[in-house]
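Please walk through the packing of this protein with the sequence and the model side by side. The text is meant to be read with the structure open.

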Amino acid sequence: MPPLQQLSIPVSELSLDKDAFRDSFVHHVQHTQGKHPKVATKLDKFYSLARTTRDRLFDRWTRTWQERIQTKPKHVYYLSLEYLLGRLMSDSLHSLGVYREAAQALSELGIDIEEVLAEERDPGLGNGGLGRLAACFMDSMATLGIPAMGYGMRYDYGIFRQDIIGGEQHENPDLWLQFGTPWEVGRPERIYDIHFGGRVIQYTDSSGRPVHEWVDTVPVRAMAYDYPLPGYGNDQVNTLRLWGAKATRDFDIHYFNAGDYQKAVERQSSVENITRVLYPNDHLVQGKELRLKQQYFLVSATLQDALRRHLELFESLDSIPDKIAFQLNDTHPALAVAELMRLLCDQYGYGWGKAWEIVRGSINYTNHTLMPEALEKWPVWLLERVLPRHLQIIYQINHLYLEQVRASFPGDEARIRRMSVIGEEDEKAVRMGNLAVMGSGKVNGVSALHSRLLRDMLFKDFNDFEPGKFTNQTNGVTPRRWLLKCNPELAALISDKIGSGWVRRLDDLEGLIPYATDPQFQRDFRAIKQRNKQRLAAELARQHGIELNPEFILDSQVKRLHEYKRQLLNILHVVSLYLTYRQDPGRKVTPRTFLFAGKAAPGYEAAKRVIHLINTVARVVNSDPAVRDKLQVVFVPNYNVTWAELIMPATEVSEQISTAGMEASGTGNMKFALNGALTIGTLDGANVEIREAVGAENFFLFGLTTEQVLATRAAGYDPQYIYHSERPVREAVDAIRAGFFLPELTDRFQPIVNSLLNGDHYLILADFLSYKSCHDAVLTAYGDVDSWTRKSILNVAKMGPFSSDRTILGYSSEIWKTRATTPPDGQR
């Protein structure tokens, strides 16, 4: 018998051909699910197909691990509180290059692969663009052969399942793990204790070295759950490691025997709340504390795991900067700076100076937003209670850093106050954004405009002190999911004309430019868009009973609900259109559907009220026979990646209408354009670069620029002036205020009216007429079918710069200093 290390499954069992796939599938139906094929349910078939696929992934996964253990390359460890992965089955089949073989294998058994794939639930690990970007980046790192691990949280119930009842958002648990998931592998050998609370004992040891002991803590165990994330067509499989919270003692039998059954499991329940849901409502103190614990739980487990792995391969932690790049995906994991210092100094005996050198040589920070709530601040008293040792470390980091700043800018105490990690505004608070900047070697923004605003405004003082530290890496999206998978007909049409190399070299799409005016290609392109609209309409009817007319223009705004994203501007314009069409029922117009989707945070009442307004407007508009042939409003509940994969290929007009200077980048804008939608948008985030790429004539621009936004506010902007002077604005606002769309509760939307007329912080009324005029231009352009189609094709053709592969190559060469082992065209 050969030793275990030499054993392997015969190659024929892991073959990727159709017959082997079919046989493996039948094997899993019978021997894993324990069913005769004749009585297997759709869920049985899903699990059997998943395990058939997984068998082939696992072989490549373990081989990838072994190769990296032997070659010891530099690794990227990507820390993100969110990963919005979407369904993994189809993605895995495409990456292995066996989607067609799998479909044929099931077809021979009388099974439709699409019905099987529909059984998979979206993993509840994220909410918006931040999590979806992390998923795109993981796909690109695997495809480029960059050794990487993603680290996140294994949320039991995701953020929430959004139900729309009476037009309002209601939150319910997302039961994505109700039946388990075939992609997950528990790693009980990778368990770490995470400590909270307690106190710090300080003393000097016999060698004169200061010692800090963190004692009397409450431990929580973090257990690893791994997901294989394959690269496209390269046999490389990276890992997403999620942490689940486990109590150190699950069950107290003494309480149970005494009849106190609730108390017997109380500790387990309390501890495991850490990974129950994403983004607990932090309007209450308990919610703030839980959110802080979540963030520390993620970084502590990750760093302990990374240091352990490093010492398994190398003699010393001194080589961390040469062998590890930690990437913080936004400010949530900023505690990694303090935690790595604690581990190095308190557990591994490093002096402060050497430890700080390692921290700054290995940690990098991506800022994703200029919004205050994302640049988190934790009250000092809360950190003192939950993480007392870390508060000490943060004070020391702050003190030493600011001493260097004082030496460079003597007497500039205003600068010192701005740069300090400790804010003294309403209450003493730790500014996590400042901590992340201090502790990182590189800091990047995610679009050219956003990075400029970081350097020139938000972190200007830091940029003055450390020039060259700030850089830009414009976001991107993976073409594997956002064209090849979600729009297979368009992908096939493109490949028929220019070959399939675009799947890994998105710049190849420029080969479509000569076809933009080709009559047959235009007809084929339009026919695919129409079938995608019909597909979306059928799914909306099946799942929600929503009627969507595929003959209407489809105009979509799908994204997290937030005031700066201005879904309110969109629906205010819809109200104005509705009033206009009612007053002139004989008017001939091109009919439009305005589609909305997205979740509002549970405690974000203003955003939830906008959802309610959208749905009440939809109810009135869609039931009014006077406008039924002109206008339709749809809100898609429980928006997720799977819905995005249906909506984006079907959409013709993409709404990217945030207040200029507030959206860091956006990636929905890229996905829509990649699928042939034309953008109506402001000069915000990556819209600027998209417009430059596709051409100003193929982009519908409106609204104030970032500079004009600042100037308008500085000049004492008065929304009441616009309200009184512009009739369309006044009529739309008055209809909402009068309760026209919700007569049974006339004051429900009064706070919305108040926000518009008293301040209008997001400049909705200031941009309204420009937005309305831009929509008129959209209708005019749509009337010229050939010209519109040409614009759509050119949008697709010019999306090469917005591939996440390009973004990751930028991170790799400019920030991480890593090597892509399977790059396109030999780029490294």
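What follows goes through the nonpolar cores, the aromatic pairs, charges over rings, two helices and the cysteines. The model is a predicted one.

The nonpolar interior is a good place to begin. The largest nonpolar core has 137 residues, and those with the most contacts inside it are Leu49, Met141, Trp243, Phe297, Phe326, Leu387 and Val430. With nine residues, helix α10 (residues 285-313) gives the most to this core. Apart from it lies another core, which has 64 residues, including Leu569, Tyr578, Tyr723 and Tyr782.

Methionine 141 shows what such contacts look like from one residue. Leaving aside neighbours within four places in sequence, methionine 141 is in contact with Val76, Tyr78, Ile146, Ala148, Asn238, Ile808 and Trp816.

Aromatic rings come next. Trp243 and Phe326, both listed among the core residues with the most contacts, also belong to one aromatic cluster together with Tyr77, Tyr151 and Tyr192. In the whole model the count comes to 23 aromatic pairs. One of them is formed by phenylalanine 700 and tryptophan 788; this pair is stacked, at 6.0 Å centre to centre and with 25° between the planes. Because phenylalanine 700 lies in strand β22 (residues 700-701) and tryptophan 788 in helix α33 (residues 785-797), the pair ties together parts that are 88 residues apart in sequence. Both phenylalanine 700 and tryptophan 788 are buried.

Phenylalanine 740 and phenylalanine 741 form an edge-to-face pair, with 5.0 Å centre to centre and 75° between the planes. Are these two rings buried or partly exposed? Phenylalanine 740 has 34% relative accessibility and therefore counts as partly exposed. Phenylalanine 741, at 2% relative accessibility, counts as buried.

Two rings have a charge placed over them. The charged end of arginine 415 sits over the ring of phenylalanine 409, 3.9 Å from the ring centre. Lysine 293 lies over the face of phenylalanine 196, and here the distance to the ring centre is 5.5 Å.

Two helices can be followed in the same way. Helix α17 spans residues 432-439 and includes alanine 436. This alanine has 0% relative accessibility, so it counts as buried. Not counting residues up to four places away in sequence, alanine 436 touches Ala334, Val337 and Tyr365. Serine 270 is 166 residues from alanine 436 in sequence, and the two are 29 Å apart in space, C-alpha to C-alpha.

In helix α18 (residues 448-458), the buried residues are Leu449, His450, Ser451, Leu453 and Leu454. The buried residues of this helix pack against two strands, β15 (443-445) and β16 (470-472), and against the helices α19 (460-465), α27 (687-694) and α28 (706-714).

The cysteines remain. How many disulfides does the structure hold? It holds zero. Why is there no bond at cysteine 136? A disulfide requires two cysteine sulfur atoms within 2.5 Å. The closest cysteine sulfur to that of cysteine 136 belongs to cysteine 486 and is 11 Å away, which is too far for a bond. Seen from cysteine 486, the closest cysteine sulfur is that of cysteine 136, again at 11 Å and too far for a bond. Cysteine 136 is buried, with a relative accessible area of 1%, and cysteine 486 is buried as well, with a relative accessible area of 2%.

Definitions and conventions: Residues are numbered from 1 along each chain as its sequence is written. This is a predicted model: local features need pLDDT of at least 70, side-chain atom pairs count only at pLDDT 80 or more; totals for chains, interfaces and linings use all residues. Side-chain values use heavy atoms; hydrogens and water are left out. Buried means under 20% relative accessible area, exposed over 50%, partly exposed in between (1.4 Å probe, protein chains only). Helices (H or I, at least four residues) and strands (E, at least two) are DSSP runs, numbered from the N terminus. Contact means heavy atoms within 4.5 Å. A nonpolar core is a set of buried Ala, Val, Leu, Ile, Met, Phe, Trp, Tyr and Cys residues joined through side-chain atoms within 4.5 Å. Rings of Phe, Tyr and Trp (its six-membered ring) pair if their centres lie within 6.5 Å; planes under 30 degrees apart count as stacked, over 60 as edge-to-face and the rest as tilted. A charge sits over a ring if NZ of Lys or CZ of Arg is within 6 Å of the ring centre and within 35 degrees of the ring normal.
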